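Trainee: I would be grateful for a close look at a single part of this model. Please take one region and follow its surroundings in a connected account.

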Amino acid sequence: MSITTLVLQHADAFAQHMPAVQQAVLDVAIQGKATLKDASNNFVVLASDTAITVEQFRQKLGTVTQETQIGWLANAGKYFIGIFQKGGEVFVGFVTGIIPTLVVLMTAFYALTGMVGEERVHGIARSAGKTALTRYTILPVLSVFFLTNPMCYTFGSFLEEKHKPAFYDAAVSYVHPPLGLFPHVNPGEYFVWGGVLVALLELEKKGTVATGYHVQVAIWYAIVGLVVILFKGILTERITAIMARRQGIEL
């Protein structure tokens, strides 16, 4: 059989099936057109509505049906960025709330220290360092309150060498407890109290705890911190004495 004969036979078969092929192509075109019309119907309605406000457009747009091809990945991305969005909201709250207050507080207390006079403040510090009770309560409170972190540790210069380690232990342990009442004492680490405060305010908003409960927590935080630094100061003083004696050091 020649090549010409084979070509003629295939051409004849193709001509016989041509109507079926044409009908199939036509059916696909009709179905595609219908699908496209349904998918764009909501958008056509939105686009054709000329008397619509921005808010109405946003509400209508929210009703448009959308399909997520890879839903799990889209949800993961949404929750991931949501964490940072929530952090941004907290940061904005700090910028409009605590930071201006903090700047004013720092300015006020530095001005108060200047008006009282550094010599008088130092004189009070020397007097407070004479007994263990005042040395590990009043002295750390004064140093943290007036000088703030990290300058508060300089008050240890008024003490004997054997008392300096214990004073440092007490002072460094009290740069967080008063943050709820006096955030100026340690602004760089306000997030320690800020995280607790955000949770407490949310509980107050929901009615889980009484309104103003965060103030009570802040007061008790400062009081408990005061008791803790007293015991830490006395204990560290004893440990310092024992270690100095073992190593034959005179303090």
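Mentor: A residue is called buried when its relative accessible area is under 20%, exposed when that area is over 50%, and partly exposed in between. The model is a predicted one. With that cut-off, consider helix H8, which spans residues 138-147. Eight of the 10 residues in H8 are buried, so that the helix is mostly covered. The buried set consists of Leu139, Pro140, Leu142, Ser143, Val144, Phe145, Phe146 and Leu147. Directly after H8 comes Thr148, which has a positive phi, near 60°.

The surroundings of this segment include Val185, a residue of the loop between helix H9 (164-172) and helix H10 (191-206). Val185 has a relative accessible area of 1% and is therefore buried. Leaving aside residues up to four places away in sequence, Val185 touches Val144 and Phe145, as well as Thr148, Asn149, Val175, Pro178 and Leu179. Two of these partners, Val144 and Phe145, also belong to the buried residues of H8. A further link is given by Ser143: its C-alpha atom is 9.4 Å from that of Val185, although the two residues are 42 places apart along the chain.

For contrast, turn to the surface. There, Leu181, Phe182, Val215, Ile219, Trp220, Ile223, Val224, Val227, Val228 and Phe231 form a nonpolar patch, with about 900 Å² of accessible area together. One of its members, Ile219, lies in helix H11 (residues 213-246). Ile219 counts as partly exposed because its relative accessibility is 38%.

Methods: Residues are numbered from 1 along each chain as its sequence is written. This is a predicted model: local features need pLDDT of at least 70, side-chain atom pairs count only at pLDDT 80 or more; totals for chains, interfaces and linings use all residues. Side-chain values use heavy atoms; hydrogens and water are left out. Buried means under 20% relative accessible area, exposed over 50%, partly exposed in between (1.4 Å probe, protein chains only). Helices (H or I, at least four residues) and strands (E, at least two) are DSSP runs, numbered from the N terminus. Patches are made of residues with over 30% relative accessible area and no salt bridge: like charges are joined within 9 Å, nonpolar side chains (Val, Leu, Ile, Met, Phe, Trp, Tyr) within 5 Å. Accessible areas come from the Shrake-Rupley method with a 1.4 Å probe; for residues, only the protein chains shown count as cover. A salt bridge is a side-chain nitrogen of Lys or Arg within 4 Å of a carboxyl oxygen of Asp or Glu. Contact means heavy atoms within 4.5 Å.
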